[in-house]
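Work through the exercises below with the sequence and the model side by side. Each task is followed by a stepwise solution.

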Amino acid sequence: MRNVLSLSAITALALALPLSSAMAQTKSLKEQLVGTWTLVSAESVEPNGTKMPLVGGTDVKGILIFTDTGKVSYQVIGGHAKIASNDRMKMTPDEMKSSAESVLSYFGSYTVNEAEKSYTVQIESSSFQNQTATPGKRMVALTGDDLKITNPGRLAGGQTINIWKRAK
Amino acid sequence: MTRRRIVNLSAIAALGLIFSLNSAFAQLAKDVVGTWTLVSTDAYGPNPKGSVNFDSNGRFTLILMRSDLPKYASNNRTQGTTAEYKATVEGSLAYFGTYSVGGTDLNVHIEGSTFPNWIGTDQKRINLSVAGDELKYTQPTPSGGGPAAPLVWKRVK
């Protein structure tokens, strides 16, 4: 009798394990996106195929947060020279240029297209304000904690590719 | 009532106060978690826009912007004019990193910032409070100079 019980327990366990991993795999794309991501790399690809860093500066860092309520916040920023005046309102033209070109920060709302593995972002405000004009599509490739997001419709032409890692 | 009894009672009362303060602060740390949209700030002109997220693992991202930032004529982020760059960098501030709540201080470690002088720094926002769906704190050292600045945020649902 005891053997039968043990066998049943083992069978139940064996059944439960693949079920839980199957359930993890059937999570929707949105459920997998929700959370905080830190930047691995960010680049632009010009229409002629030339690749270059998405932003200027060194030691580029970034954060991307998707909330379950459909909000998104995005920042990619490269290290750039300190402002001599230590005052954001008193920059030289060169400092303004290097600051502006080392930054892309925006926030807004997003909706996921599960079938297409994409989402559309409606940007509410951005350091590159041109992005607020129309919704933008982003293609998603997600494997475990690695997230690749492609913007096939870069405003200046070509595309951008961001690689992120899930923050823990 | 003996003196010892009074001392004991006072000790218990003090302990009770410490516990309730501790749990109030612990509650504050939980209450800040989420997404908040800007209600008001002294800088960034009329109807400023802003968003801040505090995640449950201690990371945050914060963006503040004037509502009249320019669109670039070139439609290319790296080909702004001097005037467009000026309006953008003077009219916006964004930064991100890690945070913790200690008492009513919001401690931030800044990993990335549009204002480069802040990158890698540890800073404090003071008088942090959450009441209902409203979050408030004071920024003692604004990036654009001037006196300590209060910021008010509303929870996004």
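**Exercise 1. Find how many bridges join strand 4 of chain B to strand 5 of chain B, and in which sense the two strands run.**

Solution.
- This is a predicted model, so read every position as computed.
- Take strand 4 as residues 92–102 of chain B and strand 5 as residues 105–113.
- Eight bridges join the two strands, which run antiparallel.
- For one register point, start at B:Thr98: its bridge partner in strand 5 of chain B is B:His109.

**Exercise 2. Follow chain B from strand 6 through strand 7 to strand 8, and state the pairing at each step.**

Solution.
- Strand 6 covers residues 122–131 of chain B, and strand 7 covers residues 134–139.
- Four bridges join strand 6 to strand 7, and the two run antiparallel.
- Fix the register with B:Val130, which stands opposite B:Leu135 in strand 7 of chain B.
- Now look at the turn: strands 6 and 7 of chain B form a hairpin with two residues between them.
- B:Gly132 lies in that turn and has a positive phi of about 60°.
- Move on to strand 8 of chain B, residues 149–155, which pairs with strand 7 over six bridges in the antiparallel sense.
- B:Leu135 serves again here: B:Trp153 in strand 8 of chain B is opposite.

**Exercise 3. What order do the strands of the chain B barrel take, and is the barrel open or closed?**

Solution.
- Trace the eight strands: the order is 1-2-3-4-5-6-7-8.
- The barrel is closed, with antiparallel pairing.
- From one strand to the next, the twist averages 35°.

**Exercise 4. Map the antiparallel pairings of strands 4 to 7 in chain A.**

Solution.
- Begin with strand 4 of chain A, residues 71–79: seven bridges join this strand to strand 5, antiparallel.
- A:Val76 stands opposite A:Leu104 in strand 5 of chain A.
- Next, strand 5 of chain A pairs with strand 6 over eight bridges, in the antiparallel sense.
- Two register points help. A:Tyr110 stands opposite A:Val121, and A:Val112 has A:Tyr119 as its bridge partner.
- The hairpin of strands 5 and 6 of chain A has four residues between the strands. In this hairpin A:Lys117 takes a positive phi near 55°.
- Finish with strands 6 and 7 of chain A, joined by four bridges and running antiparallel.
- Here A:Tyr119 stands opposite A:Arg138 in strand 7 of chain A.

**Exercise 5. Which residues are closest to the centre of the largest pocket, and which elements line the pocket?**

Solution.
- Start with the volume: about 450 Å³ of space lies in the largest pocket.
- Of its 31 lining residues, A:Gln131, A:Arg138, A:Asn151, A:Arg154 and A:Leu155 are the closest to the centre.
- The elements giving two or more residues to the lining are strands 5, 6, 7, 8 and 9 of chain A.
- Sort the lining by class: 15 residues are nonpolar, twelve polar and four charged.

**Exercise 6. How many residues does each chain bring to the contact, and how much area do chains A and B bury?**

Solution.
- Chain A gives 50 residues and chain B gives 47.
- Together the chains bury about 4100 Å², with 62% of it on carbon and sulfur atoms.
- On the chain A side, A:Arg88, A:Met96 and A:Phe107 lose the most area to chain B. Their joint share is 17% of what that side buries.

**Exercise 7. How many cavities of 30 Å³ or more does the whole structure hold, and what lines each?**

Solution.
- The search finds two.
- Take the largest cavity, with a volume of about 90 Å³.
- Its lining draws on both chains, including A:Arg88, A:Ser99, A:Val103, B:Thr88 and B:Phe115.
- Helix 3 of chain A and helix 2 of chain B each supply at least two residues.
- By class, four lining residues are nonpolar, five polar and one charged.
- A:Arg88 thus appears in this lining and among the residues of chain A that lose the most area to chain B.
- Now the second largest cavity, at about 40 Å³.
- Among its lining residues are B:Phe54, B:Phe60, B:Tyr95, B:Arg125 and B:Tyr137.
- Strands 3 and 5 of chain B each supply at least two.
- The class count is seven nonpolar, no polar and one charged.

Definitions and conventions:
Residues are numbered from 1 along each chain as its sequence is written. Chains are lettered from A and ligands numbered from 1 in the order in which they are written. This is a predicted model: local features need pLDDT of at least 70, side-chain atom pairs count only at pLDDT 80 or more; totals for chains, interfaces and linings use all residues. Side-chain values use heavy atoms; hydrogens and water are left out. Two strands pair if DSSP finds at least two bridges between them. Axes are lines fitted to C-alpha atoms, for helices over the stretch in contact, and angles run from 0 to 180 degrees between N-to-C directions. On a 1 Å grid over the protein atoms alone, a cavity is a set of points where a 1.4 Å probe fits but cannot get out, and a pocket is an open set with protein on both sides within 12 Å along at least five of seven lines; lining residues have an atom within 4 Å of a point. Grid points are joined across faces, edges and corners, and a volume is the space filled by probe spheres set on the points. Ala, Val, Leu, Ile, Met, Phe, Trp, Tyr, Cys and Pro count as nonpolar, Asp, Glu, Lys and Arg as charged, and the others, Gly among them, as polar. Contact means heavy atoms within 4.5 Å. Buried area is the accessible area (1.4 Å probe) that two parts lose on being put together, summed over both.
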